[in-house]
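Student: Could we go through this model together, beginning with how its parts meet and then turning to the ligand?

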Amino acid sequence: MSQTAPTQDELKTLVAQAALAYVVPGEYLGVGTGSTVNKFIDALAHSGIAIKGAVSSSLASTERMQSLGIPVVDLAMVERMSVYIDGADEIDPKGHMVKGGGAALTREKIVAAQADRFICIADASKNVAVLGAFPLPVEVIPMAVPEIARRFKAMGAQAVLRAVNGQTLVTDNGQHLLDVKGLRISDALSFENAVSQWPGVVTVGVFAHQRAQVCLLGTPQGVQTLVY
Ligand code: 5RP
């Protein structure tokens, strides 16, 4: 009997299910954004695990959780969470990530910063030696977009304003997003520090300060648990 390799979608389902083991019943839980997280939200809703409330990183995740009966609370009500669960566009051997493919990087970083542990859920394609092949999302105040694009150009990279259906994307925070190609981010901490200082940058999609402590990686052989 021939066996076909699992699809990326099936690997996302696998890690979403595995992440349930990290949910602490009766506590607040930080919840990220994206297609992998959507599968986690679905799994949580059907798991019977009762949490005190979820702190959401986007309007999209809030809507999905509320529609499935998961209580969502405002971050202002919560001082610390023990766990934040989210996907990534890339993750390197130190647990540093590129995030923001789903345009939710700013709220993701804010919520992750109030959690003791970031549990990253990702299919194997996201595991990279060096960050930068995935275009780096950077949320920017609209008036600063041209200057931020020039700064990336001076580094040899190309920043493109993200649009959806021909319309400039506006984030949940009312800002714009640049996707930056041509970077090779070997020192993620220094890069995050530097770009975060540029006037007009709201959030850079490098998550080095808010790195993952654990990555549940979906591989054709099953879920691999990477601890950083
Ligand atoms: C959203 C994110 C996502 O976690 C990231 O884009 C991965 O998404 P997906 O699970 O759909 O592959 O950072 O802003």
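Student: How much area do domain 1 and domain 2 bury between them?

Tutor: This is a predicted model, in which local features need pLDDT of at least 70 and side-chain atom pairs count only at pLDDT 80 or more, while totals for chains, interfaces and linings use all residues. Residues are numbered from 1 along each chain as its sequence is written, and side-chain values use heavy atoms, with hydrogens and water left out. Buried area is the accessible area, taken with a 1.4 Å probe, that two parts lose on being put together, summed over both. Carbon and sulfur atoms carry 53% of what domain 1 and domain 2 bury between them, and the area is about 1,300 Å².

Student: Which three residues supply 39% of the area that domain 1 buries against domain 2?

Tutor: An automatic or database domain assignment gives the bounds, with domain 1 covering 8–127 + 209–227 and domain 2 covering 136–203. On the domain 1 side, the three residues that supply more of this buried area than any other three are Leu105, Thr106 and His209.

Student: Which residue forms a salt bridge with Glu192?

Tutor: A salt bridge is a side-chain nitrogen of Lys or Arg within 4 Å of a carboxyl oxygen of Asp or Glu, and that rule finds one across the interface of domain 1 and domain 2. For Glu192, the closest N and O atoms of the pair are 2.6 Å apart, and the partner is Lys109.

Student: How many residues surround the ligand?

Tutor: A residue is taken as near if one of its heavy atoms lies within 4 Å of the molecule. The closest are Ser35, Thr36, Asp89, Gly100 and Lys126, and the number of residues that surround the ligand is 17.

Student: What percentage of the ligand's accessible area does the protein cover?

Tutor: Among the side chains with a polar atom facing a ligand oxygen atom, Asp89 lies at 2.6 Å, Lys99 at 2.9 Å and Glu108 at 3.1 Å. Accessible areas come from the Shrake-Rupley method with a 1.4 Å probe. Of the 380 Å² that the ligand has on its own, the protein covers 92%.

Definitions and conventions. Polar contact = N/O pair within 3.5 Å; in protein donor to acceptor, adjacent residues only side chain to side chain.
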